[in-house]
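I opened the notebook to look up the sheet, the symmetry, the core and the DNA surfaces. The entries follow.

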There are 2 protein chains.
Amino acid sequence: MNGVAMKGDAVFKRTYNRAIDHLAIMKPGDIVESENSLKRKFEASRTTIRKVLAELGANGLISLDGTNKTVLRSPKQKDIFPRSETTSISVQVEKKFMEWMLRTDPKHGDVINELDLARQFGVSTSGVREFLNRFSRFRLIEKRPNAGWRFRGFTREFALELFEVRELFEMRSAISFIATPPDSAAWIELKEIELEHRKLLREIAKRFHDFSELDKRFHQLVNNASKNRFIMDFYGLISLIFHYHYQWNKLDERKRNHAAILEHLDYIEALFSRDPKRVETTCKNHLRSARRTLLESIETLVSH
Amino acid sequence: MNGVAMKGDAVFKRTYNRAIDHLAIMKPGDIVESENSLKRKFEASRTTIRKVLAELGANGLISLDGTNKTVLRSPKQKDIFPRSETTSISVQVEKKFMEWMLRTDPKHGDVINELDLARQFGVSTSGVREFLNRFSRFRLIEKRPNAGWRFRGFTREFALELFEVRELFEMRSAISFIATPPDSAAWIELKEIELEHRKLLREIAKRFHDFSELDKRFHQLVNNASKNRFIMDFYGLISLIFHYHYQWNKLDERKRNHAAILEHLDYIEALFSRDPKRVETTCKNHLRSARRTLLESIETLVSH
DNA sequence: ATTATGTTTTTTGCAGATAAAGAACAAGTT
DNA sequence: AACTTGTTCTTTATCTGCAAAAAACATAAT
């Protein structure tokens, strides 16, 4: 309302949109369920639910008769809030920072200016600051007191260190995986993933971009078998890096993905065989070539 | 000066104290070196150096004659700022939070209230918030949007997951360690640590408390051999946990430390032998008993 | 040309304010 | 007794403001 925006009402708007979706499948005259029921359904506090109901009433979508709330009319397109207003500032900053990283491709040692980013992102410095503090856990940036943040990666050393740990963790997880009971849901998921791979292999010509999503799904499944929060968390960092890697290195993407699918299929087959030796061989083989690809893309970046 | 304190001047006070220390070893009439030289020596910006010099002048410790600054009198005890005023708010919050954890011993699921902590610590909510964001990387607390932080550990599962990764990392580091060239400084440091162990063993009756420091030094040396930032960082988490563990579990401390020293000595000997098999055996043996101790102390805590 | 000090501009660290969101309390209905 | 809605109290998310600290720009002196 006034110029000095405070907390932001993304939760309200998101919940309001959810309510609109909900109303869309109801008819005028239908009764609206209780606040507590909506609270559970929309995952928001009752305070927010009440605000939404009040707004729906004010907009003539429902009648607010205490415990007897009824639908008055079906929602129109213009009743919903734009998607961009339904995410909190902190989530927006996160997204904008990632885009900024891709765009500017900062190099090791580059300084990150809070004020500058805040201006670019259209948020206050605190928003940027808070994000950077959280992001620092990935070890890609580093703070020097009173003198701002510095970018640390993405160097060859970083990639090598990353892969050293990745291999350690994934090998351990893969061994845990083959030890999971045969009736576990993980095996079904693995079978599904295998089929997806075969399907993608047939349609590789036009769908090779879809590999990155499948890659993530597969490795995450394996890593989750470790049931170790540190190992699973670490895979979060790997995905982040790969997300960028896929954006950077468009060269030979189709060929690389094709090769990776074949490696994955070997690896998956080894998992189904439950033979630790075979798992080790196929897993290492795949990770080695994944590392090679990543390093190549770094060299390419550095050279031009 | 006025009631609304802003950034805080810990850097100034710390630097001022450093300057006082420096003046203490000079005689009246001696010439004070250049601002740039002091800047390098005291690791602060020239802005801060100038402020310090101005203050020293105002307090009659030096004469401020442009480029000709001379010592007027030796500093007295009352010239220095109290130590507590020389650390930044963020460092103070960190320290207070750790003390708070020890004191209140929060359990899994407990909520952490930013406002409450801010009041207890005598700082603003922003200070607490910023700290919690940074601290979240240790995975001991977790945020739920709009609903505050929750304590996650310190459970048996947490300890088991921690040790799984610790063993993986330390084994890898130990193997890297024995591969370092014989003229590396690490071997000298290891020898020193060995001697410290033997010395502590002789004086175990009265100095068993000193083990925790030595323990950290030893394992850090081994982990650093990995030259992997993720592995080295992880040891930061281990130290943090152990710091608390040592505070919690006072039972049998002397006996436990005595046993650990012997295990360390075996492990160190194995490292000197450069025999991977021996290193593996002694390292695993030590980590197994370290885990047992930690688990015992958790059970004890849970039971009363 | 380097190295000194003097001055101005920019950025960071932290407090404080406030709307939004959550939680707790109260009282009424089936 | 279990659910309603109504009301109040507490906590979080975010912006703004300002002094401290750093960085950049001048200018003077060896």
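In what order do the three strands of the open sheet in chain A run? I read the order 3-5-4, with antiparallel pairing.

I noted the ground rules next. This is a predicted model, where local features need pLDDT of at least 70 and side-chain atom pairs count only at pLDDT 80 or more, while totals for chains, interfaces and linings use all residues. Residues are numbered from 1 along each chain as its sequence is written, and chains are lettered from A and ligands numbered from 1 in the order in which they are written.

**Sheet.** I looked up the edges. Strand 3 (111–112) and strand 4 (141–143) of chain A each have a single partner strand, so one side of each is left without a neighbour in the sheet. Strands here are DSSP E runs of at least two residues, helices are H or I runs of at least four, and both are numbered from the N terminus. Pairing takes at least two DSSP bridges. Strand 3 and strand 5 (residues 149–151) of chain A pair in the antiparallel sense over two bridges. I found A:Arg150 in strand 5 as the bridge partner of A:Val111.

**Symmetry.** I laid chain A on chain B, by least squares on C-alpha atoms of residues with pLDDT of at least 70 in both. The RMSD is 0.2 Å, after a turn of 180° and a shift of 0.0 Å along the axis. The two copies are thus related as by a two-fold rotation axis. 100% of the interface residues of chain A are also interface residues in chain B, so the copies meet through the same surface.

**Core.** I looked up the largest nonpolar core (buried Ala, Val, Leu, Ile, Met, Phe, Trp, Tyr and Cys joined through C-beta atoms within 7 Å; buried means 20 or more other C-beta atoms within 10 Å, with C-beta atoms placed from the backbone). It holds 16 residues, and Val165, Phe169 and Phe234 of chains A and B touch the most other members. Helix 7 (156–178) and helix 11 (229–248) of both chain A and chain B give two or more residues each.

**DNA.** I counted a residue as near a strand if its C-beta atom, placed from the backbone, lies within 6 Å of it. Around DNA strand C there are 40 residues, and A:Val11, A:Phe12, A:Thr47, A:Gly148 and B:Ile89 come nearest. Around DNA strand D there are 44, with B:Val11, B:Phe12, B:Ser45, B:Thr47 and B:Gly148 nearest.

Definitions and conventions
A residue is buried if 20 or more other C-beta atoms lie within 10 Å of its own, exposed if 12 or fewer, and partly exposed in between; C-beta atoms are placed from the backbone. Two residues are in contact if their C-beta atoms, placed from the backbone, lie within 7 Å.
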